[in-house]
Amino acid sequence: MASVAGIVEDNKKIRDLIQRYLDMQDDLSCPVAVDSVEEMIDYLEEHPAPDVILMDIQLPGMSGIKGIGLIKEKYPDIEIIMLTVYHDSHKIFKALRAGASGYLLKHTSLPEIKESILKLLDGGAPMSPQIARKVITHFQDDSAKKNAESDLTPREHDIVNGLVDGLSYKMIADRYDISIDTVRAHIRNIYKKLHVNSKAEVIAKSLKGEI
Amino acid sequence: MKKLFPIFVVLCIGLSYSAYSQVLPFRTYSIEKGLSESVVNDLLQDNEGYLWIGTSYGLNRFDGIRFQNYYTEDGLLDNKISALHQDHKDQLWVGTSNGVNIVNKDSIYTLPVLKPLTSGAVLSIHQDQFNEYWFATDGQGIWHLDRNQHLTQYREVNGLGDDRVRDIVEDQQGILWFATRAGLTKLEDGNFRTFTTQHGLPDNRLRDLALTENGQLWIGTRAGLCRISGDRFRCYTEEDGLINNRIQSISVAPDKGLWLGTEEGASFFDFDKAEFSNYSVDEGLANNFIHTTKYDREGNIWFGTLGGGISLFLGDHFQSYTIEEGLPNNVVTSISQDQSGDHWIATYGGGVSRLDITGGFTTLNSTDGLVDDKVYTLASNEGGGLFVGTRWGLSIYENERFLNFDESELPYRKIRALHKSAETGNWWLGTLGEGVLTYNGNSFTQWTEEDSLANNTVMAIEETSDGSLWLATYGGVSRLQGETFTNYSIQDGLPNNGVLDILKDQEGNLWFATFGGIAKFQNGRFETITTADGLPDEVCYFIEQDDRGIYWIGTNKGVVRFDYQAFQTTEESHPFKLFTQTQGLVANEMYAGASYKDRQGTLWFGSVGGLTRFDPSKEKLNSAAPKIHIENISVAGDQISIKPKLEVDSDNHNMVFSFVGISFTAPEQVNYRYRLRNSGEGWQTTSQRQVRYSALIPGDYTFEVMAQNNDGQWSSERAQISFTVLAPFWQQWWFIALVLFALVGIIFFIYHYYRVRKMVDIERMRVRIASDLHDDVGSALTEIALQSDFLQTMEVADTLQESLEQIGAQSRKIVSSLDDIVWSIDARNDTVGDLTDRMQDYVNSVLSEKEIQYHFEGNMQEKLEVSLKENLYLIFKEAINNIAKHSNADRVDITLSTNGAGFLLSVKDNGTSTHNERKTGQGLRNMNMRAKRIDADITFNHNQGFEVRVSRAA
């Protein structure tokens, strides 16, 4: 059964191109392509949720990052892939912490976009060394206040460090004698913990009255 | 408190009138001048030069100008002051009717140990050679305060002559002598011994004691003056010439004699002549009843009187005559001496008067045949007789008769000047408005302006040895030689054309007194001496020369003593000395031409207020320089206390220093020299007693002032006061430092702020431009790329397919470049770690197939400069692209190590393809250029592969 994808992208031409391309694929359909988070939320309220949403960051109205948070809140099962013009690790990291599972640069070729979506749905989540480094500093910085559940396991640490060292998933898998799928699973977990951590932060902040 | 005016004043008004008297230079100060009371009991001159006057109502301090009064309100035990004494510490001890006070500077206090003395009047205070004090009281005997502050009383019962003691002195042997009402008591070796009438004293009631420098003790009694030698007394009474036997006071004039104050005037006892000179109210003394006398440091004598205040006597060199002394009129126009030696005085309104040797006046006026009582001039004829020039013509007094001329003989009225020619024996008559006349004994001949006379008003006539006649006119000086007039005026060097008097000096040179100064005529030239040269006044009525060669000039301000020799020698000399009423002149305004030197060398000056006679041989010079004191300082009108380390605020507008130089001879003629050190101003001179500074800039100053008396004596010491004008707070060092600091801070802040802001602005602008480019262009390129992707999914020809791929790849490459730019200028991506991340990302995307080894060293958090980061990344990217495009390598070693400012980047592969191809490529040139931009060395090694190595030393 074909997976369902949604697109939030304010550039109509790009949106249409990607939508048309994805719709043309056998294993994917793209019934919804809107130009704002608000529209997507409206859509989600009345339609079955897609498996994956490609989300631009800079959008009219609500920003993509905020949108990720909102959507993930209500529909935790939807995988969200950031679609960004920038290779901006800060924004990407923010998005990841908001709940995104990966990111794609807009100029990525259409076949690669399709590939990435399928890979993600298959359980794999991409993590570049830049992101990995930020993951490490994030967990180091927060080590004081976060609880044990949201801390990275030693294996997750190993994997992140491997990524920082520039190892591919395969090399990491070889190094620790685990399967690539396991590596992917770990990375997914790491993403989740990032998300949880950011939520915990929000809670902590709200308790302190900062929000 | 109500002051009781002494009834003695009333008694003394009935002055005895004597026709044979003259006024002498007595100067009186009493209540109207500021003295607290006219009954004076004691006088003292302190070491500072001030005169202290103890009166029956208050204590006074006098500086020659101003009296400072002290009363019980100021701390005195009683307002009746009876004794004054200055101790060795310059403290003033004041005996009152109610005990003893001490005055120190301006504070008045009492000694508790002297409490018993408050029971009676203290009449005398003495400090002995052991600095122990003795107090003579009126009824309580003697009190002795020894050095251990023990007070002992000695009374009649102890051997003192009487409990009423008037005076105490100590002789050179340390013997104390007491003047009591019952004889003279001496205290020697602890024993009292009293001398009375039985021992030769003329009276037991003693008033005053005085010791001369040679140790003689003089005793003033109610019956004359006595001197004790051994146990015997030598006494002088009225029979010896003493003015009055009831002596109240004795003062010693060192080496000269004794000044005695009696109940009927003053006497001076001359040691050499053993003679008395007597002075009373007739000579100008304030009052005949003298309580006390004081010989001051200038050699003048002060008299403290009962009811008349104080009188200062300056000496008898000036003697004056007015209507009161027998002059017919006070306007004295001319003086002459006749053959007999008598003096003739011409007055304007009172006729002429003969002053004989006894001092008596005999007046002749119109009732005696004088043509007019308004007399301008007179001259005695050597052959006998007197020529008198009046407002109504000439009178000749001969054989006790006046010879007058009728209008047909002498049709000219106002005869102003008279001169008998030594050459011809003819008389020359100067007139007011009618030229000059000659009288040959029979008839008159007139010379006027028509004959070339300078002016028809002729004030004086003089003759020189060459036979020239010199005329002082209102049009200059006319010289008549033979029949010809030669005229001299301002153009020729005269100070003024109004010439009033002519003098032929001892050397035969002519001097002219004019309305604008004096002029000496010598060798055909005038030497002028005016106020600019220091002459005290410009109007010179007459000029006379005494036998010593000193010139005397009559002015509106008095008579000027002019020492021409001193004037010619040095600038420091004091050639002009002014004598005024204060110094004994009868009046200050002299009369034109009214001067005369008689055969005895005595000078006579006629003024509008009488006649003054001056004996040059009695002239005394005042060698006592003034004592100089800074009296007070005021700032903006508020007096501030004088103290060491005086500080004045910065708003010191109108700082006034008041000072006084004490010289009693001529208090108003004291001159001052002052300077304010550190003000950049040198010595200034002034006759004012204060100096004003309007606004002094902050700094340390010393105000110094010296005083000069009327004889040119400068005080040897300077009075000075140092003070600091504080800087306003905005000039204080701490404030300046603060402002400087703040200024530097602000400048630094502004600089920094703008620099940072500029940097931030540039950064922002760069980011914005890059972002905009990226967003807009990037989006457009992305569209193209995606379009090409999309088209490739269509069924298209192979050639088209290739083009589409190229379009896509090219667009993506551009987007990627833009991405690099945005990344490199983004300040958030500036650490070494960010660089390595980016490098890895790039490697991952380009060389995903090859085996990559990373060697990263150094602090990953260290920040890199934007340009360094960018260029390193682009070099790296170029190197990786080279490998991707040209190398057959399967392994790449990437090294980046940082160490402070130094770094090393190495990209090494194990490829075997020829290096030449790569070395010449565009990529290598780019890398070289970029390395240069960041001051780094770049090398390309091709040993077993290819290495790009970029490094910079730390």
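**Figure 1. Chain B, seen as a whole.** Of the 954 residues that make up chain B, 44% count as buried. Everything shown here and in the views below belongs to a predicted model. If you count the secondary structure elements of chain B, you arrive at eight helices and 70 strands. Contacts tell us how the chain folds back on itself: taking those in chain B with a separation of 6 or more, 52% are between residues 24 or more positions apart.

**Figure 2. An open sheet of four strands in chain B.** Follow the strands across this sheet of chain B and you meet them in the order S1-S28-S27-S26, with antiparallel pairing. Why is one side of S1 and of S26 in chain B left without a neighbour in the sheet? Strand S1 (26-29) and strand S26 (290-295) stand at the edges, and each has a single partner strand, so there is no neighbour on the other side. From one strand to the next, the twist averages 20 degrees. As a reminder, strands of a sheet pair through backbone hydrogen bonds, in either a parallel or an antiparallel way.

**Figure 3. A closer look at one strand pair, S26(B) and S27(B).** Strand S27 of chain B covers residues 301-305, and five bridges link it to S26(B) in the antiparallel sense. Which residue of S27(B) is the bridge partner of B:Thr292? Look for B:Gly304, which takes that place in S27(B).

**Figure 4. Two helices crossing in chain B.** Helix H6 of chain B spans residues 866-886, and its axis comes within 9 Å of the axis of H4(B), with a crossing angle of roughly 150 degrees. The crossing of H4(B) with H6(B) is right-handed. On the H4(B) side you can find B:Asp820, B:Ser824 and B:Ile825, which meet B:Val866, B:Lys869, B:Glu870 and B:Tyr873 of H6(B). Sorted by class, the residues of this contact between H4(B) and H6(B) are three nonpolar, one polar and three charged.

**Figure 5. A helical stretch listed as a transmembrane region.** The label "transmembrane region" comes from an unreviewed UniProt entry, which lists residues 733-754 of chain B. In the model, residues 733-754 of chain B are 100% helix and 0% strand, and 31 Å separates the C-alpha atoms at the two ends.

**Figure 6. Where chain B touches chain A.** Chain B brings 28 residues to this contact, and chain A brings 24 residues. Four elements of chain B each supply at least two residues to its side: helix H3 (733-792), helix H4 (798-825), helix H5 (832-846) and strand S66 (851-857). H3(B) gives the most, with twelve residues. The side of chain B that touches chain A consists of ten nonpolar, nine polar and nine charged residues.

**Figure 7. The partner, chain A.** Chain A has 211 residues, and 47% of them are buried. Its secondary structure amounts to nine helices and five strands, and along the sequence these follow the pattern β-α-β-α-β-α-β-α-β-α-α-α-α-α. Of the contacts in chain A between residues at least 6 apart in sequence, 66% join residues at least 24 apart.

**Figure 8. A:Asp56 and its surroundings.** An unreviewed UniProt entry places the feature "modified residue: 4-aspartylphosphate" at A:Asp56. This residue lies in strand S3 (residues 52-56) of chain A. Is A:Asp56 buried or exposed? The cut-off for a buried residue is 20 or more other C-beta atoms within 10 Å; A:Asp56 has 23, so A:Asp56 is buried. Setting aside neighbours within four places in sequence, A:Asp56 is in contact with A:Val8, A:Glu9, A:Asp10, A:Gly64 and A:Leu83.

Notes:
Residues are numbered from 1 along each chain as its sequence is written. Chains are lettered from A and ligands numbered from 1 in the order in which they are written. This is a predicted model: local features need pLDDT of at least 70, side-chain atom pairs count only at pLDDT 80 or more; totals for chains, interfaces and linings use all residues. UniProt positions are given in the numbering used here, feature names are shortened, and annotations may be inferred rather than shown by experiment. A residue is buried if 20 or more other C-beta atoms lie within 10 Å of its own, exposed if 12 or fewer, and partly exposed in between; C-beta atoms are placed from the backbone. Two residues are in contact if their C-beta atoms, placed from the backbone, lie within 7 Å. Two strands pair if DSSP finds at least two bridges between them. Axes are lines fitted to C-alpha atoms, for helices over the stretch in contact, and angles run from 0 to 180 degrees between N-to-C directions. Ala, Val, Leu, Ile, Met, Phe, Trp, Tyr, Cys and Pro count as nonpolar, Asp, Glu, Lys and Arg as charged, and the others, Gly among them, as polar. A crossing is left-handed if the near helix is turned anticlockwise from the far one by less than a right angle, and right-handed if clockwise.
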